[in-house]
2 protein chains.
Amino acid sequence: MNVVNDSPRRQELIRVAAHLFVQEGFDRTTVRMLAQEMGIKSGSLFHHFRDKQAILCAVIEEGTHNALAIAHEALAQCDNDAEMRLHAMARAHLQTLLTDRNAHVVALYEWRRLDGDSRDHLSHLRDAYEQLWQEVIGEALEAGLIRGDKFLVSRFVLGALNWTVRWYDPDGVHSPEALAGELIDMLGAPVKTPA
Amino acid sequence: MNVVNDSPRRQELIRVAAHLFVQEGFDRTTVRMLAQEMGIKSGSLFHHFRDKQAILCAVIEEGTHNALAIAHEALAQCDNDAEMRLHAMARAHLQTLLTDRNAHVVALYEWRRLDGDSRDHLSHLRDAYEQLWQEVIGEALEAGLIRGDKFLVSRFVLGALNWTVRWYDPDGVHSPEALAGELIDMLGAPVKTPA
DNA sequence: CATTTACACTAGCGCTTGCTTGGTTAGCCT
DNA sequence: AGGCTAACCAAGCAAGCGCTAGTGTAAATG
């Protein structure tokens, strides 16, 4: 629930939990499994987290937080060129999926297992990220790089990108950069590499 | 597990189960909840299904089966015009999401809860559907309607379409037809209404 | 030195889970 | 009428669940 808690031990536990949640799903992952994977006994787990839900919340928070940070950083290096910014966002998105894959898969698939409070808290982070996309898409529309309705295009693009966790192989032929380029090329904008 | 089992009672149970699986998730849905919603006692459930997994399998099989049928039917009315066929596929996809929404949401979100055997069985259905998309996308590429790599475009498009279950409101301003048009318009092909 | 803090342990409570068992009922076929 | 079967029920088992209570211990803090 804490917005910031940098205890390195805790972050390690969150990483382990994310991995298990992806492998087994949240509900099938028992506190005993989590504890074993963390190298402690199940009772000790509740020293670090109030309850099982809090672990899920922490995993998703971490992932979304990182995604936002990476996106902001990528945009900051883009002057104000709409096309560069569009590419930067797509690249940033695929890059986070690579580095924080587990957390993002959990966010996508286990969102509904969050209780009301956690969901409210995390909704703000998620909305901020989606709004960032809408801004960039809006700029691209104004610049004539792509066409369509701002909100529809945003959702279509986010859908296409999020779906990649189903099939994308980081060790395969496509780098995240190349993939981002292919996506935007498909939408009508010519491909450009970043500065 | 049966490829065909038309017992009307069973199909009713599958519909009820799909609804509950969407609302609660597969793991949180207990056999007692299922039974109550079906108007029977929990023990009686196992007269209709071998185990809980078999219910999940039946739900997903139904949905995918219907999606394939609708897609084939839509394509059959398209002569051989690549653009019409592309539109037809997109429309068919969104239409199934509307009529069989629960089953498809389950297929998307609870796929990983299937055991090995069920997964093998259902993979064939799913692959057949995805291959249909690849064919239609391939034709559209050859006709110059869209651009990019056949497999990448297929996956991007499927991602965009599947993501709609997260935000699409059937009672909202967009009809499935309109939405399909918007998507394809975004990709570069001009919008056309069907015959 | 005494005290607090962080982290871990053992043991187990109270409850729910998927599923089984053995038996009953109502409708259909001959 | 008699037999068959699909559909259902009551009762409960064995296992597993999240979580708590109480304790131990080593390092940090006064």
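**Figure 1. Residue classes at the surface near DNA strand D.** The surface near DNA strand D has 3 nonpolar, 7 polar and 6 charged residues. Here Ala, Val, Leu, Ile, Met, Phe, Trp, Tyr, Cys and Pro count as nonpolar; Asp, Glu, Lys and Arg count as charged; the others, Gly among them, count as polar. A residue is near a strand if one of its heavy atoms lies within 4 Å of it. Helix H2 (31-38) of chain A and helix H3 (45-48) of chain B each supply at least two residues of this surface. Helices are DSSP runs (H or I, at least four residues), numbered from the N terminus. The model is predicted: local features need pLDDT of at least 70, side-chain atom pairs count only at pLDDT 80 or more, and totals for chains, interfaces and linings use all residues. Residues are numbered from 1 along each chain as its sequence is written, chains are lettered from A and ligands numbered from 1 in the order in which they are written, and side-chain values use heavy atoms, with hydrogens and water left out.

**Figure 2. Contacts to DNA strand D.** Of the 16 residues around DNA strand D, Thr30(A), Val31(A), Lys52(A), Lys41(B) and His48(B) come nearest. Sugar and phosphate account for 63% of the strand D atoms that come within 4 Å of the protein. Two phosphate approaches come from chain B. A backbone N or O atom of Lys41(B) lies 2.5 Å from a phosphate oxygen of DNA strand D. For His48(B), a polar side-chain atom lies 2.6 Å from a phosphate oxygen of this strand. A base is also approached: an N or O atom in the side chain of Arg32(A) is 3.1 Å from a base nitrogen of DNA strand D.

**Figure 3. Contacts to DNA strand C.** Among the 16 residues around DNA strand C, those that come nearest are Lys41(A), His48(A), Thr30(B), Val31(B) and Lys52(B). Of the strand C atoms that come within 4 Å of the protein, 58% belong to sugar and phosphate. His48(A) places a polar side-chain atom 2.7 Å from a phosphate oxygen of DNA strand C. From chain B, polar backbone atoms reach phosphate oxygens of this strand: Lys52(B) at 2.8 Å and Thr29(B) at 3.4 Å. Helix H3 (45-48) of chain A and helix H2 (31-38) of chain B each supply at least two residues of the surface near DNA strand C. By class, that surface has 3 nonpolar, 7 polar and 6 charged residues.

**Figure 4. The interface of chain A and chain B.** In contact (heavy atoms within 4.5 Å) are 34 residues of chain A and 34 residues of chain B. The two chains bury about 3,300 Å² between them, 59% of it on carbon and sulfur atoms. Buried area is the accessible area (1.4 Å probe) that two parts lose on being put together, summed over both. In chain A, Phe156(A), Trp163(A) and Met186(A) lose the most area to chain B, together 22% of what that side buries.

**Figure 5. Salt bridges and helices at the interface.** The rule finds 4 salt bridges between chain A and chain B. It requires a side-chain nitrogen of Lys or Arg within 4 Å of a carboxyl oxygen of Asp or Glu. Arg113(A) forms a salt bridge with Glu110(B), with the closest N and O atoms 3.2 Å apart. Helices H1 (8-24), H6 (101-109), H8 (150-163) and H9 (176-187) of chain A each supply at least two residues of the side that touches chain B. H8(A) gives the most, with 9 residues.

How values were computed
A polar contact is a pair of N or O atoms within 3.5 Å; within protein, one must be able to donate a hydrogen and the other to accept it, and residues adjacent in sequence count only if both atoms are side-chain atoms.
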